[in-house]
Amino acid sequence: MIQFKNVSKTYPNGTKALSDININIDKGEFVFIVGASGSGKSTFLKLIMKEEQPSSGEIFVNDVNITSMKRRKVPYLRRTMGIVFQDFRLIDKMTVFDNVAFAMRVIGARPKAVKRRVLYILGLVGLKDKANCRPAELSGGEQQRVSLARALVNNPSLIIADEPTGNIDPEMSFEIIELLNEINKQGTTIIVVTHEHELVQKFKNRVIEINNGMITADSGVTAEKTAVPIKISQEELAELPEEIKEEIADVSAEEINEEALKAINEGEADDL
Ligand SMILES: Nc1ncnc2c1ncn2[C@@H]1O[C@H](COP(=O)(O)OP(=O)(O)OP(=O)(O)O)[C@@H](O)[C@H]1O
Ligand SMILES: [Mg+2]
(Lines give C-alpha, C1' and ligand atoms only; values in the text may rest on other atoms or scores of the structure.)
(Ligands and ions follow the chains in the order given, each with its own letter.)
Protein backbone atom coordinates (compact mmCIF):
# COMPACT_ATOMS: atom_id res chain seq x y z
CA MET A 1 0.00 0.00 0.00
CA ILE A 2 2.82 2.40 0.91
CA GLN A 3 6.32 2.12 -0.41
CA PHE A 4 9.31 4.39 0.18
CA LYS A 5 12.27 3.91 -2.17
CA ASN A 6 15.49 5.67 -1.15
CA VAL A 7 13.57 8.65 0.16
CA SER A 8 15.39 11.62 1.64
CA LYS A 9 13.96 14.93 2.76
CA THR A 10 15.95 18.09 3.38
CA TYR A 11 13.90 21.18 4.25
CA PRO A 12 14.70 24.47 2.47
CA ASN A 13 16.59 25.74 5.54
CA GLY A 14 19.02 22.84 5.22
CA THR A 15 17.59 20.58 7.97
CA LYS A 16 17.95 16.97 6.93
CA ALA A 17 14.76 15.37 8.25
CA LEU A 18 14.91 11.94 6.56
CA SER A 19 17.82 10.04 4.98
CA ASP A 20 17.47 7.24 2.50
CA ILE A 21 14.28 5.66 3.83
CA ASN A 22 13.22 2.31 2.37
CA ILE A 23 10.04 0.78 3.72
CA ASN A 24 6.92 -1.12 2.73
CA ILE A 25 3.64 -0.97 4.58
CA ASP A 26 1.06 -3.45 3.33
CA LYS A 27 -2.65 -2.98 3.03
CA GLY A 28 -4.36 -3.89 6.30
CA GLU A 29 -1.35 -3.34 8.53
CA PHE A 30 -1.44 -1.37 11.79
CA VAL A 31 1.91 0.32 12.31
CA PHE A 32 3.21 2.40 15.19
CA ILE A 33 5.92 4.93 14.38
CA VAL A 34 8.10 5.79 17.35
CA GLY A 35 11.25 7.85 17.85
CA ALA A 36 12.62 10.90 19.65
CA SER A 37 11.24 14.39 19.09
CA GLY A 38 12.61 15.86 15.89
CA SER A 39 13.57 12.47 14.49
CA GLY A 40 11.43 12.80 11.34
CA LYS A 41 8.14 11.06 12.21
CA SER A 42 5.80 13.87 11.14
CA THR A 43 7.90 14.43 8.03
CA PHE A 44 7.43 10.76 7.17
CA LEU A 45 3.65 11.16 7.43
CA LYS A 46 3.64 14.46 5.53
CA LEU A 47 5.41 12.75 2.63
CA ILE A 48 2.71 10.05 2.49
CA MET A 49 -0.07 12.65 2.32
CA LYS A 50 1.98 14.74 -0.08
CA GLU A 51 2.04 17.75 2.17
CA GLU A 52 5.82 17.74 1.67
CA GLN A 53 7.85 16.62 -1.32
CA PRO A 54 10.85 14.31 -0.98
CA SER A 55 14.23 15.82 -1.98
CA SER A 56 15.09 12.48 -3.59
CA GLY A 57 13.63 9.02 -3.95
CA GLU A 58 10.13 7.81 -4.77
CA ILE A 59 6.95 7.20 -2.80
CA PHE A 60 4.13 4.93 -3.90
CA VAL A 61 0.63 4.90 -2.41
CA ASN A 62 -1.62 2.14 -3.73
CA ASP A 63 0.90 1.51 -6.50
CA VAL A 64 0.65 5.11 -7.67
CA ASN A 65 3.90 7.05 -7.74
CA ILE A 66 2.84 10.15 -5.81
CA THR A 67 6.25 11.77 -6.26
CA SER A 68 5.31 12.71 -9.79
CA MET A 69 1.59 13.21 -9.14
CA LYS A 70 0.06 16.40 -10.55
CA ARG A 71 -0.89 18.99 -7.97
CA ARG A 72 -4.54 18.99 -9.02
CA LYS A 73 -4.77 15.27 -8.24
CA VAL A 74 -3.57 15.66 -4.65
CA PRO A 75 -7.06 16.35 -3.20
CA TYR A 76 -8.21 12.98 -4.59
CA LEU A 77 -5.24 11.26 -2.97
CA ARG A 78 -6.10 12.90 0.38
CA ARG A 79 -9.72 11.76 0.14
CA THR A 80 -8.58 8.17 0.39
CA MET A 81 -6.91 9.05 3.68
CA GLY A 82 -8.17 10.02 7.10
CA ILE A 83 -5.58 12.29 8.65
CA VAL A 84 -5.18 13.26 12.29
CA PHE A 85 -2.72 16.16 12.41
CA GLN A 86 -0.40 16.71 15.35
CA ASP A 87 -1.79 20.28 15.59
CA PHE A 88 -5.46 19.21 15.00
CA ARG A 89 -6.19 21.82 12.26
CA LEU A 90 -9.84 22.30 13.18
CA ILE A 91 -11.80 25.16 11.70
CA ASP A 92 -12.32 27.64 14.56
CA LYS A 93 -15.52 29.22 13.34
CA MET A 94 -17.30 25.92 12.76
CA THR A 95 -18.99 23.78 15.39
CA VAL A 96 -17.66 20.33 16.26
CA PHE A 97 -20.47 18.82 14.19
CA ASP A 98 -19.61 20.94 11.15
CA ASN A 99 -15.89 20.30 11.46
CA VAL A 100 -16.58 16.59 11.11
CA ALA A 101 -19.45 16.98 8.62
CA PHE A 102 -17.31 19.19 6.38
CA ALA A 103 -15.22 16.20 5.26
CA MET A 104 -18.41 14.41 4.17
CA ARG A 105 -19.98 17.45 2.53
CA VAL A 106 -16.99 18.03 0.25
CA ILE A 107 -17.50 14.60 -1.25
CA GLY A 108 -21.18 15.37 -1.82
CA ALA A 109 -22.83 13.24 0.87
CA ARG A 110 -26.56 13.83 1.43
CA PRO A 111 -27.54 15.87 4.52
CA LYS A 112 -29.42 12.97 6.11
CA ALA A 113 -26.47 10.61 5.73
CA VAL A 114 -24.14 13.32 7.05
CA LYS A 115 -26.20 13.84 10.17
CA ARG A 116 -26.49 10.16 10.97
CA ARG A 117 -22.86 9.35 10.33
CA VAL A 118 -21.40 12.41 12.11
CA LEU A 119 -23.44 11.76 15.25
CA TYR A 120 -22.44 8.11 15.17
CA ILE A 121 -18.73 8.95 14.84
CA LEU A 122 -18.93 11.65 17.53
CA GLY A 123 -20.46 8.97 19.76
CA LEU A 124 -17.55 6.63 19.04
CA VAL A 125 -15.02 9.22 20.24
CA GLY A 126 -17.21 10.22 23.20
CA LEU A 127 -18.13 13.71 22.02
CA LYS A 128 -21.81 13.59 21.10
CA ASP A 129 -22.69 16.14 23.76
CA LYS A 130 -20.12 18.59 22.37
CA ALA A 131 -21.54 18.61 18.83
CA ASN A 132 -22.59 22.25 19.03
CA CYS A 133 -19.44 23.60 20.67
CA ARG A 134 -16.70 25.42 18.82
CA PRO A 135 -13.13 24.09 19.02
CA ALA A 136 -12.07 26.96 21.32
CA GLU A 137 -14.62 25.74 23.88
CA LEU A 138 -13.02 22.30 24.09
CA SER A 139 -10.05 20.88 26.00
CA GLY A 140 -6.96 19.80 24.07
CA GLY A 141 -7.93 16.14 24.35
CA GLU A 142 -11.45 16.88 23.11
CA GLN A 143 -10.11 18.81 20.13
CA GLN A 144 -7.85 15.88 19.38
CA ARG A 145 -10.84 13.56 19.37
CA VAL A 146 -12.72 15.87 16.99
CA SER A 147 -9.73 15.64 14.70
CA LEU A 148 -9.90 11.84 14.96
CA ALA A 149 -13.66 11.86 14.26
CA ARG A 150 -13.05 13.93 11.13
CA ALA A 151 -10.43 11.41 9.99
CA LEU A 152 -12.81 8.48 10.49
CA VAL A 153 -15.99 9.94 9.06
CA ASN A 154 -15.49 9.03 5.39
CA ASN A 155 -14.41 5.48 6.16
CA PRO A 156 -10.99 5.93 4.50
CA SER A 157 -8.82 3.01 3.38
CA LEU A 158 -5.82 4.55 5.16
CA ILE A 159 -5.72 6.38 8.48
CA ILE A 160 -2.64 8.43 9.33
CA ALA A 161 -2.57 9.77 12.87
CA ASP A 162 0.18 11.98 14.25
CA GLU A 163 0.11 11.52 18.03
CA PRO A 164 -3.66 11.06 18.26
CA THR A 165 -3.34 10.45 21.99
CA GLY A 166 -0.82 13.19 22.83
CA ASN A 167 -3.30 15.23 24.87
CA ILE A 168 -5.46 12.44 26.24
CA ASP A 169 -5.35 10.60 29.58
CA PRO A 170 -4.07 6.99 29.58
CA GLU A 171 -7.50 5.38 29.81
CA MET A 172 -8.95 7.38 26.91
CA SER A 173 -5.72 6.81 24.94
CA PHE A 174 -6.19 3.09 25.32
CA GLU A 175 -9.79 3.39 24.12
CA ILE A 176 -8.76 5.45 21.10
CA ILE A 177 -6.14 2.90 20.03
CA GLU A 178 -8.62 0.12 20.73
CA LEU A 179 -11.08 1.90 18.43
CA LEU A 180 -8.42 2.18 15.71
CA ASN A 181 -7.62 -1.48 16.26
CA GLU A 182 -11.27 -2.39 15.62
CA ILE A 183 -11.27 -0.26 12.47
CA ASN A 184 -8.05 -1.99 11.40
CA LYS A 185 -9.71 -5.39 11.80
CA GLN A 186 -12.18 -4.33 9.14
CA GLY A 187 -9.29 -3.90 6.71
CA THR A 188 -8.27 -0.25 7.10
CA THR A 189 -4.53 0.39 7.06
CA ILE A 190 -3.45 2.45 10.07
CA ILE A 191 -0.26 4.38 10.78
CA VAL A 192 0.03 5.98 14.21
CA VAL A 193 2.86 8.10 15.53
CA THR A 194 3.09 7.85 19.29
CA HIS A 195 5.43 8.49 22.19
CA GLU A 196 3.55 6.16 24.49
CA HIS A 197 5.58 3.02 25.00
CA GLU A 198 2.93 1.39 27.15
CA LEU A 199 0.40 1.58 24.33
CA VAL A 200 2.90 0.23 21.83
CA GLN A 201 3.64 -2.71 24.09
CA LYS A 202 0.00 -3.44 24.84
CA PHE A 203 -1.15 -3.59 21.24
CA LYS A 204 1.68 -5.66 19.74
CA ASN A 205 1.44 -4.13 16.29
CA ARG A 206 4.33 -3.56 13.93
CA VAL A 207 6.67 -0.88 15.29
CA ILE A 208 8.92 1.25 13.11
CA GLU A 209 11.47 3.37 14.95
CA ILE A 210 12.85 6.51 13.34
CA ASN A 211 15.89 8.23 14.78
CA ASN A 212 17.88 11.08 13.26
CA GLY A 213 15.93 10.65 10.04
CA MET A 214 16.76 6.98 9.66
CA ILE A 215 14.84 3.80 10.35
CA THR A 216 16.67 2.28 13.30
CA ALA A 217 14.29 -0.60 14.02
CA ASP A 218 11.35 -2.33 12.38
CA SER A 219 9.60 -5.24 14.03
CA GLY A 220 8.65 -6.26 10.48
CA VAL A 221 5.14 -7.59 10.48
CA THR A 222 2.13 -7.23 12.71
CA ALA A 223 2.09 -9.46 15.79
CA GLU A 224 -0.29 -12.16 14.56
CA LYS A 225 2.08 -12.87 11.72
CA THR A 226 5.27 -13.16 13.80
CA ALA A 227 6.47 -15.76 16.22
CA VAL A 228 6.96 -14.33 19.70
CA PRO A 229 10.72 -14.35 20.42
CA ILE A 230 11.62 -16.89 23.07
CA LYS A 231 13.93 -15.78 25.86
CA ILE A 232 16.25 -18.47 27.08
CA SER A 233 17.01 -18.53 30.79
CA GLN A 234 20.47 -19.13 32.26
CA GLU A 235 19.31 -22.57 33.44
CA GLU A 236 18.14 -23.53 29.95
CA LEU A 237 21.40 -22.24 28.52
CA ALA A 238 23.38 -24.42 30.93
CA GLU A 239 21.55 -27.45 29.59
CA LEU A 240 22.43 -26.82 25.95
CA PRO A 241 24.41 -29.62 24.26
CA GLU A 242 28.18 -29.23 24.71
CA GLU A 243 28.95 -28.60 21.05
CA ILE A 244 26.53 -25.66 20.95
CA LYS A 245 27.95 -24.29 24.20
CA GLU A 246 31.41 -24.43 22.66
CA GLU A 247 30.17 -22.74 19.52
CA ILE A 248 28.79 -19.81 21.45
CA ALA A 249 31.54 -19.70 24.09
CA ASP A 250 32.86 -16.25 23.26
CA VAL A 251 29.83 -14.28 22.24
CA SER A 252 27.88 -11.78 24.35
CA ALA A 253 24.77 -12.67 26.35
CA GLU A 254 22.39 -11.23 23.77
CA GLU A 255 24.11 -13.03 20.96
CA ILE A 256 23.96 -16.25 22.96
CA ASN A 257 20.20 -16.06 23.00
CA GLU A 258 20.18 -15.54 19.27
CA GLU A 259 22.70 -18.27 18.55
CA ALA A 260 20.95 -20.73 20.82
CA LEU A 261 17.60 -19.94 19.25
CA LYS A 262 19.09 -20.41 15.83
CA ALA A 263 20.51 -23.76 16.86
CA ILE A 264 17.18 -24.82 18.28
CA ASN A 265 15.32 -23.68 15.18
CA GLU A 266 17.68 -25.60 12.97
CA GLY A 267 17.03 -28.71 14.99
CA GLU A 268 20.56 -28.99 16.38
CA ALA A 269 19.30 -28.96 19.93
CA ASP A 270 16.59 -31.56 19.80
CA ASP A 271 17.54 -32.85 23.23
CA LEU A 272 16.44 -29.64 24.95
N1 LIG B 1 8.89 22.99 7.71
C2 LIG B 1 10.10 22.73 8.22
N3 LIG B 1 11.18 23.46 7.87
C4 LIG B 1 12.39 23.19 8.36
N5 LIG B 1 12.68 22.17 9.19
C6 LIG B 1 11.65 21.41 9.57
C7 LIG B 1 10.31 21.64 9.13
N8 LIG B 1 9.51 20.71 9.68
C9 LIG B 1 10.30 19.95 10.44
N10 LIG B 1 11.58 20.35 10.39
C11 LIG B 1 12.75 19.75 11.05
O12 LIG B 1 12.88 18.41 10.57
C13 LIG B 1 13.23 17.53 11.62
C14 LIG B 1 12.16 16.44 11.73
O15 LIG B 1 10.95 17.06 12.13
P16 LIG B 1 9.60 16.25 12.36
O17 LIG B 1 8.52 17.24 12.59
O18 LIG B 1 9.45 15.29 11.26
O19 LIG B 1 9.95 15.47 13.71
P20 LIG B 1 9.03 14.54 14.66
O21 LIG B 1 9.74 13.23 14.77
O22 LIG B 1 7.64 14.54 14.17
O23 LIG B 1 9.13 15.30 16.07
P24 LIG B 1 8.02 15.43 17.24
O25 LIG B 1 8.01 14.11 17.97
O26 LIG B 1 8.57 16.52 18.10
O27 LIG B 1 6.71 15.77 16.63
C28 LIG B 1 13.39 18.39 12.86
O29 LIG B 1 14.76 18.69 13.00
C30 LIG B 1 12.58 19.62 12.55
O31 LIG B 1 13.12 20.74 13.21
MG1 LIG C 1 5.88 15.26 14.91
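The buried residues of helix α5 pack against β6 (81-84), α3 (96-105), α4 (111-124), β7 (158-162) and α6 (170-185). Here a residue is buried if 20 or more other C-beta atoms lie within 10 Å of its own, and contact requires C-beta atoms within 7 Å, these atoms being placed from the backbone. Helices (H or I, at least four residues) and strands (E, at least two) are DSSP runs numbered from the N terminus. The model is predicted: local features need pLDDT of at least 70 and side-chain atom pairs count only at pLDDT 80 or more, whereas totals for chains, interfaces and linings use all residues. Residues are numbered from 1 along each chain as its sequence is written, with chains lettered from A and ligands numbered from 1 in the order in which they are written.

Helix α5 comprises 13 residues (140-152). Its first and last C-alpha atoms are 19 Å apart, close to the expected 18 Å, a span defined as 1.5 Å times one less than the number of residues. Because 11 of the 13 residues of α5 are buried, the helix is largely enclosed by the rest of the structure; among them are V146, L148 and L152.

An open sheet of 6 strands with mixed pairing follows the order β6-β7-β8-β3-β9-β10, pairing being assigned where DSSP finds at least two bridges between two strands. Strands β6 and β10 (214-218) form the edges, each pairing on one side only. The twist averages 20 degrees from one strand to the next. Within this sheet, β7 and β8 (189-193) pair in the parallel sense over 5 bridges, and I159 stands opposite I190 in β8.

Helix α6 lies across β3 (30-34), β7 and β8 and runs at about 155 degrees to β8. Such angles run from 0 to 180 degrees between N-to-C directions, with axes fitted to C-alpha atoms, for helices over the stretch in contact.

Methods. Buried ≥ 20, exposed ≤ 12 C-beta atoms within 10 Å, placed from the backbone. Contact = placed C-beta atoms within 7 Å.
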